[in-house]
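Thank you all for coming; I would like to walk you slowly through a structure that is probably new to most of you. Please take a moment to look it over before I begin.

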Amino acid sequence: MTKLLLVIAAIAVVLIIISILHPVGKKVSLYFILGLIALIMLLPFFMMFVMATLKTNEIYSFPPIMWFGSNLAENFKNMTATVNFPKSFLNSVIVTGSHVILVLFFCSIGGYAFSVYDFPGRKQLFAILLATMMIPATAGIIPWFIMMSKFGWVNDFKALIIPSCANAFGIFWMRQYCQNNVPKSLMEAARIDGCSEWTIFFRVIAPILKPAYASLGIMQFVNMWNEFMQALIILRKEKLYTLPLMLRSMVSDRGTDYGAVMLASTCAVLPLLICFLCASKFFMDGLTAGAVKE
Amino acid sequence: MKKKNLNRFVAVALTFAMSASLLAGCGGGDDGSSDATGASDGGAQVENTSEEEGQNIAAAVEEDPSSISGTIEVGGWPSGDDGFEAAMAGFNEAYPNIEVELVFTDTTAHHQALQTALTAGTDAVDVAMVEGAYIAQYRDSKALTDLNVLGAAELKDDFVEFKWDQATSSDGQRLIGIPWDLGPTLFYYRTDVFEEVGLPTSSEEVAELMSTWDGVMEVAEKVSIPGQRWFLPSAAYPYQWLFINRDYYDEDLNLILEREGDLECLENCLKIRENGWDMNVDMWSTEAYAAYAAGTCVCVAAGSWFSGFFKTDIDPDGAGHWGAIALPAGMGDTNWGGSFLVIPEQCENKEAAWAFVKYMLATTEGQNTMFKAIDYFPAYKPAWDAAPELYTEGDDYFGGQAPNAIATKIAANVPVVNNTIMDVTAEGYLYSSFNAGAEAGETPEQIRERLANDINAACAELKEQQIQTLKDAGVWDGE
Amino acid sequence: MRRVKGSKKGFLKTLKEYRVAYVYIAPFYILFAIFGLFPMVAGLFLSFFRWDGLGAMHFLGFGNYINLFKDTLFWKALSNTLIIGIIAHIPILLGGLVLAYILNSKLVKGQNIFKTIYFMPMVTSAVAITIIFQNLFGFNYGIINYFVSLLGEAPINWLGGDGKLIKVAVIIMFAWKWVGWNMVIYLAGMQGINNDIYEAAEIDGASHSKIVFSIVIPLLKPIILFTLIQSSIGMFNLFTEPFILTNSNWGGGPNNGGLTLMTYLLSKAPQGGNAYGYASSIAYVITLMVVVISVVLNKVMEEKDTVKRKGGK
């Protein structure tokens, strides 16, 4: 332990000295630190990919194997033998897709309303909305489940999709974005042209909100793609499992094929990563425009 | 002024909505036995099966199997499903018109889903597995069908007594589950490593050698190479074996940690830890599982169902290098877990559900087929005599040894103990409190005291709850 | 603005006048009332009872809250949560700020690559990643201990031992996940700050640390507040990571080292047990703490603001 800390300290000292000595050294140490952090960020992902190609007993061997192995095909075979990956993937797409679409719709009209209309009760209603963000939902899970049973929504994706449309964070996010990016003059011009309020929103406002849609969309996508606790008590049948439930069902007291689990995890995370990498620019734009200023 | 109005309107509307939904949700819709008295029944307001209904169901199952039809859902965790699938052909023959759908997930998720559904009063599976550690929280529950009403009482003598007792309500009237299997505790060891270091390998000789602590420590020292090969996953486990019947509390719910030989046991556990003879990891961790298969963790103890784990999942290629004996160092014949089947009261096809439970658990055919498939040791005694070869003959996986013969001997000797809802929590602390104490360099007495404090702190609320349950059942005389 | 006579009429009239706005925001409040408020209120109701979910409910009044107050494990869980939360906020806040500043100030090239990489931990599955971290921190086969062994040291029992190092592991995971998120948010905020300010400061010869503390942080205050509240909520919800790291131990490992408030809540109900009333009371105490922290943070930020401005004048 002490030696470990010593090594870290020594590296830090060397970097500081280099950067004091010379401006180029400064640059070098800056890149070194940024690169090191990037490595740390990537290491777990890398290990996940590596483990997806290893046998379970190779994963648990010493010294640890840190490069790709040859068991990918076998892991794939085991994975497809124990779980129905395509079905779970499809389920996740259905749940996440409809959730994201609905949330984007409700949150954008809500956030837009809070930002541009000066209606009575606006402040109070918004305060209530913010307050709801702070409450952990866990405590209500039993009453919530009772309600879902009464609605007949057990084993039904509706139970995951519809309640989560009430998304305070999303409204907050959209309001921020609208405040910074929707010029009132634009609305007024549209009104003069005789557009109804609905038309204004869909024709004029919604296109402006694209970056905000992208950023909120990705966040919601990630949340729902990984949703576990509610899915666990609602979706009981294997054919309804979403990816997190499927992953969980692969981990067992009887011994877990971690190679297969890691392959499944990789397959579950990759779409997210690809989505994120593709929409990265859009996403960052949305964040920038949304987060700026009060 | 307007603001005020709006606020008031919102407040009134919300209150209204809330109270309406509360009534609808928590009252189960129909009861007035309300909270005024301070006690009301929870969400699971399901009518209990009457005597007459029970007799009809029993008669149908008994006399006219083909009259029962419909689909039932059976829930549990692996590898129960493999067992059911193995015995399904026989079941379909006996009850040709019942369709069975298996709803299986991991142990924790299954129990949570079951608990939630029972609490809500809807959407439970028709037949559910319940693990031994969880049965205590259901034994007094009215949300499960009283199987005595369905005529289970006459099966009592066919089942191992302590298991039957675990599923019987505190007042002795109701029976909420039929025992499936037991877990006679076996101590598994790698014969190849034993041979390599010059120790005997046959179960008789190993049992003889390890019958004392001196022998145990001799084995521990010989098989271990610190940092490379270890005697046990964790030195905490021998101490846990002392409590493996889960008899933590007596009838008056006093925590009983002191028992014969416990300090000597702890002393030796500490010695194992000090010498680096244990891996110092959880026996259920994948790290440990990999080490069992690789032969770097040489011994482990568990219920006899662990044999099935070895064969299919942990070490499928390990035939011939495992052996088994009863617990060493005179720790006696004990039981580790084992599950039950229950029928939620909300089940709408009790004929089919009862037919299923009865066929699977209370026929020699059902039990032995499943035993063969997944090593769940039957709690149904007639099964033992019906197919003696399953219980006495050598098992190829165990190099011709017969762990089942040892298990059968143990099964007959397990005492009836008092189980409570605190047991699972208490068990969790055996492992972590020992580790914390060992790390702090404590003496055996200090570790025992630490454990008592930890368990008492963690179980305070559960104990209150258990007392309340016993009070409600009318069997609590303490204060 | 508008004058109102009859209150009821006035209310309806307002409703009509702003019906578009009300219609736009209505879905949230309706859905929340049904799916959010009802369970919460029912949870509050439950917190005054002792209930195992199966048998009768017994009214306790404030009994659960009183017991909770006396519950040593609750205090342990609270202190663990605060320790993990507060220490983890150092890398999350400072690290996030510094990274954002470096990437924003164009000191290095390839900002977009770094930005994307740092953000990636947010885009993943908690269960999968925790399994990997469990592996990295493993006692006998872990990669971290492998490097430790290369230095000639005895392996470190991160997830066992006396339980102290579990917190370190959790903090590392927590920071790993959140630092990129904060960085991106701060970066967004910094890009909103006019570049002239930096240039002016640099011409004045201000060092980077001075720019960060006297210009960037004050300007980013609302954004920092936002991320602080968000990560505080994250801190109180911390569960999956410590739970899986301790091999699903509801006590949080040796000495309850990894027992967080959310783990403790779930250990009572609905996951680890069935003490629904007691669990509800824990949930309400957590809620109260989150609200208090949010209010205090708001106040502190505001106050500092006014003090500064006064001082400035």
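Let me begin with chain A, where the centres of domain 1 and domain 2, taken over C-alpha atoms, are separated by 36 Å. Please keep in mind throughout that this is a predicted model. As for where those two domains of chain A run, domain 1 covers residues 2–51, while domain 2 covers residues 79–291.

If you follow the backbone of chain A, you will find 15 helices and 0 strands. What radius of gyration does chain A have, set against a compact globule of 294 residues? Such a globule would come out near 19 Å, but chain A has 24 Å. Along its principal axes, the C-alpha trace of chain A spans about 70 × 65 × 35 Å.

Turning to the packing within chain A, 46% of its 294 residues count as buried. If we take the contacts in chain A with a separation of 6 or more, 74% of them are between residues 24 or more positions apart.

Now to the place where the two chains meet. This contact takes 26 residues from chain A and 30 residues from chain B. On the side of chain A that touches chain B, the elements giving two or more residues are α3 (56–59), α7 (141–151), α13 (229–234) and α14 (243–250) of chain A. Which of these gives the largest share? That is α7(A), which contributes 6 residues to the side touching chain B. By character, the residues on this side of chain A divide into 12 nonpolar, 9 polar and 5 charged.

Let me move on to chain B, which is also described in terms of two domains, each written as two segments of the chain. Domain 1 of chain B takes in 51–182 and 337–386, whereas domain 2 of chain B takes in 185–334 and 397–469. Their C-alpha centres lie 30 Å apart.

How many residues of each domain of chain B are in contact with the other? Domain 1 of chain B brings 19 residues to this contact, and domain 2 of chain B brings 19 residues as well. On the domain 1 side, the elements that give two or more residues are α5 (161–166) and β6 (181–182) of chain B, and α5(B) gives the most, with 4 residues. The residues on that side of domain 1 of chain B divide into 9 nonpolar, 5 polar and 5 charged.

With that, I will stop and take questions.

Note on methods: Residues numbered from 1 in each chain as written. Chains lettered and ligands numbered in written order. Predicted model: local features only at pLDDT ≥ 70, side-chain atom pairs only at ≥ 80, totals over all residues. Domains from an automatic or database assignment. Rg over C-alpha atoms; globule rule 2.2 N^0.38 Å. Buried ≥ 20, exposed ≤ 12 C-beta atoms within 10 Å, placed from the backbone. Contact = placed C-beta atoms within 7 Å. Nonpolar A, V, L, I, M, F, W, Y, C, P; charged D, E, K, R; others polar.
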